[in-house]
Amino acid sequence: MNSSDTLKHQIALSLVPGLGPVTAKKLIAHFGAIRPILNANQKELTKVPGIGSVTSKSICSQDFIALAEKEIQFIEKYKIQALFYLDPNYPVRLKRCVDAPLVLYSKGNIEFNAEKTVAIVGTRNATDYGKEFCNKLIEAMAEREGYCVISGLAYGIDIAAHKACIKNNIPTIGILGHGLDKIYPQLHKKHAQEMIKDGGLATDFISGSKIDRNNFLRRNRIIAGLTDATIIVESAEKGGSLVTADIANSYNRDVFALPGRIFDMYSKGCNQLIKQNKAAMIEKLEDLEYAMSWQPDIDNPQKIQRQLFIELSPLEEKITEVIKESPKFIDQICNELEISTGKASSLLLDLEFKGIVSSLPGKMYKLN
């Protein structure tokens with residue numbers, strides 16, 4: 001079976017009606033590969049938890065194979081990169097999300113695993129206040145190294161962030177709620193073409209996908225999953241960017257929000273996030289860098305000397321065991337120990353003061 005056949009079957013599995021990525025991954029784990037799944041009968045398929053008669057019938061019908069073959073032609077013609085979630089080049093941050101898409105399509109010059117990857121999203125009805133914040137924040141990022149900004153190419157805050165990145169030569173990636181055969185809104189096509197030079201476009205939708213509101217909500221999980229931190233810049237009390245914030249929190253990723261006046265409609269959502277401790281307040285880049293331990297190196301940093309004969313609490317000992325073999329992201333530590341992000345952050349900070357662990361970019365920790 002050649003690589004084209006392999007990709008065809010990977011795409012085909014992602015197109016089975018009613019089969020989400022979580023259940024699809026269970027199928028792959030059960031059968032060991034995709035080809036046996038597509039060759040299985042209904043009785044064999046229904047043995048897998050979460051696979052009912054309707055889904056098993058859809059798989060056995062193989063109606064989606066022709067659609068996958070058509071997508072292969074599109075990919076080859078337009079030089080689209082298609083990454084399966086088990087590929088070594090699949091984005092490492094996204095891979096840690098349980099509902100990460102089976103296949104991620106992208107176009108451009110993209111480094112998904114940039115050192116400091118940040119999402120900047122917000123209302124489509126951006127005010128001058130929100131746009132100015134985006135410009136100032138991204139101008140400050142341009143004076144540093146290692147930043148990549150991800151957004152949704154939508155009107156308002158999204159496109160303001162992308163445009164500021166283009167202006168300041170910071171890589172930026174637009175996550176689409178449709179396939180790579182079109183740009184929506186069409187008005188942003190020029191900016192999308194500029195983004196491809198240093199950054200690009202990505203989606204989990206195949207070509208020919210319809211423009212649908214629910215698809216844009218679905219793509220928000222990719223925006224949150226690809227990043228270390230999500231910044232909400234202006235939002236009404238309800239909106240897609242608040243959905244992105246909730247998803248980021250569920251992934252144990254950091255969330256920040258720009259505060260605003262209490263009577264301003266498009267500051268209500270951000271103020272609410274801050275008030276409910278769902279986001280940290282951000283006013284400038286230094287706030288982000290302090291929270292993420294991304295402060296620039298100074299000439300002669302004073303290293304904290306490791307204390308000898310320290311008595312550690314049971315949870316502190318468990319953390320050191322988790323990161324003993326290799327550095328771990330804070331969400332990995334939380335998942336393995338089944339503790340909250342706040343609890344883990346507090347314990348890790350204490351361990352840093354004791355000289356037991358060190359923080360790395362992106363909320364990753366290593367044992368000294």
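**Exercise 1. Which side chain meets Lys182 in a salt bridge, and what is the N to O distance?**

Before starting, keep in mind that this is a predicted model.

*Solution.*
- Step 1: look for a partner of opposite charge, since side chains of opposite charge can pair when their charged atoms come close.
- Step 2: go to Asp181, whose side chain forms the salt bridge with Lys182 at 3.3 Å, N to O. The cut-off for such a pair is 4 Å, so this one counts.
- Step 3: check how covered the two residues are. Asp181 has a relative accessible area of 36%, and Lys182 has 25%. Buried would need under 20% and exposed over 50%, so both land in the partly exposed class.

**Exercise 2. Take the salt bridge between Asp204 and Arg221 and work out where its two ends sit.**

*Solution.*
- Step 1: the distance for this pair is 3.2 Å, N to O.
- Step 2: place the ends. Asp204 belongs to the loop between strand S6 (199-203) and helix H11 (213-225), while Arg221 is in helix H11 itself. The two are 17 residues apart, and the pair links distant parts of the chain.
- Step 3: look at the surroundings. Asp204 and Arg221 are both buried.

**Exercise 3. Find out which parts of the chain the pair Arg253 and Asp331 ties together, then see whether another residue joins in.**

*Solution.*
- Step 1: the side chains of Arg253 and Asp331 meet in a salt bridge of 3.5 Å, N to O.
- Step 2: Arg253 lies in the loop between helix H12 (240-250) and strand S8 (254-257), and Asp331 lies in helix H16 (residues 330-337), so the bridge ties together parts that are 78 residues apart in sequence.
- Step 3: Arg253 shows a relative accessible area of 6% and Asp331 one of 4%; since buried means under 20%, both qualify.
- Step 4: add Arg96, which is linked with Arg253 and Asp331 in a network of salt bridges.
- Step 5: zoom out. A search of the whole structure turns up 13 salt bridges.

**Exercise 4. Stay in helix H16 and describe Gln332.**

*Solution.*
- Step 1: Gln332 is in helix H16, and its relative accessible area of 25% makes it partly exposed.
- Step 2: now hop to Met364, 32 residues away along the chain. Its C-alpha atom is 9.2 Å from that of Gln332.

**Exercise 5. Go through the backbone oddities at Pro185, Lys79 and Leu153.**

*Solution.*
- Step 1: the peptide bond joining Tyr184 and Pro185 is cis, with omega about 0 degrees. You'll find Pro185 in the loop between strand S5 (172-175) and helix H10 (189-195).
- Step 2: Lys79 isn't a glycine, yet its phi is positive, about 55 degrees. Lys79 is in the loop between helix H6 (65-78) and strand S1 (81-84), and is exposed at 71%.
- Step 3: Leu153 also has a positive phi, near 60 degrees, without being glycine. Leu153 is in the loop between strand S4 (147-151) and helix H9 (157-168). At 0% relative accessibility, Leu153 is buried.

**Exercise 6. Decide how the overall dimensions fit a compact globule.**

*Solution.*
- Step 1: for 368 residues, a compact globule would have a radius of gyration near 21 Å; the protein has 22 Å, which agrees.
- Step 2: the C-alpha trace spans about 60 × 55 × 40 Å along its principal axes.
- Step 3: buried residues make up 50% of the 368.
- Step 4: count the architecture, and you get 17 helices and 12 strands.

Definitions and conventions
Residues are numbered from 1 along each chain as its sequence is written. This is a predicted model: local features need pLDDT of at least 70, side-chain atom pairs count only at pLDDT 80 or more; totals for chains, interfaces and linings use all residues. Side-chain values use heavy atoms; hydrogens and water are left out. Buried means under 20% relative accessible area, exposed over 50%, partly exposed in between (1.4 Å probe, protein chains only). Helices (H or I, at least four residues) and strands (E, at least two) are DSSP runs, numbered from the N terminus. The radius of gyration is taken over C-alpha atoms; the globule rule is 2.2 Å times the number of residues to the power 0.38.
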